[in-house]
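Welcome, and thanks for opening your viewer. Let us walk through this model together, one selection at a time.

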Amino acid sequence: MNFIEDFAETIKNIQGFRPDLFAGATETELKAAEEKMNIMLPEDFKNFYRAFNGQNEYANALFDTFFLCSLKQILYFWDAFKFNEEDFLQIPAEAEPGIKNVWGCALWVPFAATADGHCLCLDFAPAEGGNAGQVITFWYNSPERELIAPSFKDFIADYVANIKNGTYVYTQEVYDDITLGMIARKDGKPMFAVIDAVFS
């Protein structure tokens, strides 16, 4: 079983969880995204998107309060990174080793996002010691930039392993009278080091 099949089988068996994943992207859509961003996406990432092209807006969140973006949404967020890149590159962040100490850049590809614009990104401009395609956090209102996984495949594999070992569970949280279902840590801690409430 490959990592995509393992992911699909694992989340299918979570009682009450509604991921509402879209059908896979076409080769034309993948190629168009690569050409627009001028980035060659990793084959594992493209294989995943050939199976699942993001989530419905009414779905439960896959990664804490982060939803899997469709290619269309990826390009929407990436456009914002590109538009603001000149400013982003002048603003220092608080980056972990292997990540450039900048607020953001157009070589970060956002593939998951919260309702208020925080993102998980593939980083194609790593600092020394980092890996091209590593998964990092982008907080639009906080300077921390954390390394989450060395690759998208590792990110998904770790996610599935944490569901299987009981670290991640399906839960529901209420934000301003809105109930959000999500996969989150069983101990109540944020899945990623810095996280704001979705509707803060």
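A residue counts as buried when its relative accessible area is under 20%, as exposed when that area is over 50%, and as partly exposed in between. Keep in mind that you are looking at a predicted model.

**Stop 1: a pair that joins two helices**

Select Glu27 to begin. Its relative accessible area is 48%, so Glu27 is partly exposed. Now add Arg50, which is partly exposed because its relative accessibility is 28%. The side chains of Arg50 and Glu27 form a salt bridge, with N and O 2.6 Å apart. Glu27 belongs to helix α2 and Arg50 to helix α3, so this pair ties together parts that lie 23 residues apart in sequence.

Which residues are linked with these two in a network of salt bridges? Add Glu34, Glu43 and Lys46 to your selection, and you have the network that also holds Glu27 and Arg50. The structure has 9 salt bridges in total.

**Stop 2: a pair within one helix**

Next, select Glu9 and Lys12. These two form a salt bridge, and their closest N and O atoms are 3.4 Å apart. Both sit in helix α1, and because they are 3 residues apart, about one helical turn separates them. Is Lys12 buried or exposed? With a relative accessible area of 58%, Lys12 is exposed, whereas Glu9, at 35%, counts as partly exposed.

**Stop 3: two loop residues with a positive phi**

Go on to Asp20, in the loop between α1 (3–12) and β1 (21–23). Asp20 is not a glycine, yet its phi is positive, at about 45°. Its side chain meets that of Arg18 in a salt bridge (3.4 Å, N to O). Asp20 is partly exposed, with a relative accessible area of 33%, and Arg18 is partly exposed too, with 43%.

Then move to Asn38, in the loop between α2 (27–37) and α3 (43–51). Asn38 also has a positive phi, of about 55°, although it is not a glycine. At 69% relative accessibility, Asn38 counts as exposed.

**Stop 4: two residues of helix α4**

Select Glu85, which lies in helix α4. Glu85 is buried but takes part in no salt bridge. How far away is the nearest side chain of opposite charge? That side chain belongs to Lys82, and the distance is 4.1 Å. A salt bridge needs the side-chain nitrogen within 4 Å of a carboxyl oxygen. Show the backbone of Ala106 as well: its nitrogen is 3.0 Å from a polar atom of the Glu85 side chain.

Helix α4 is also the place of Tyr76. Tyr76 is exposed, with a relative accessible area of 60%. If you select Tyr140 too, you can find the C-alpha atoms of the two tyrosines 15 Å apart, although their positions lie 64 residues apart along the chain.

**Stop 5: the largest pocket**

Rolling a probe the size of a water molecule over the atoms shows where empty space is left. The largest pocket encloses about 520 Å³ of space. Its lining is made up of 25 residues, and Asn56, Glu57, Tyr58, Phe67 and Ala115 lie nearest its centre. Colour β3 (67–68), α4 (71–88), β10 (168–175) and β11 (178–185), the elements that each give two or more residues to this lining. Which element gives the largest share? Strand β11 does, with 4 residues. By class, the lining has 14 nonpolar, 9 polar and 2 charged residues.

Conventions: Residues numbered from 1 in each chain as written. Predicted model: local features only at pLDDT ≥ 70, side-chain atom pairs only at ≥ 80, totals over all residues. Heavy atoms only, no water. 1 Å grid on protein atoms, 1.4 Å probe; cavity = no way out; pocket = protein on both sides within 12 Å on 5 of 7 lines; lining within 4 Å. Points joined across faces, edges and corners; volume = space filled by probe spheres on them. Nonpolar A, V, L, I, M, F, W, Y, C, P; charged D, E, K, R; others polar. Buried < 20%, exposed > 50% of the residue type's maximum accessible area, 1.4 Å probe, protein only. Lys, Arg positive; Asp, Glu negative; His and termini not counted. Polar contact = N/O pair within 3.5 Å; in protein donor to acceptor, adjacent residues only side chain to side chain.
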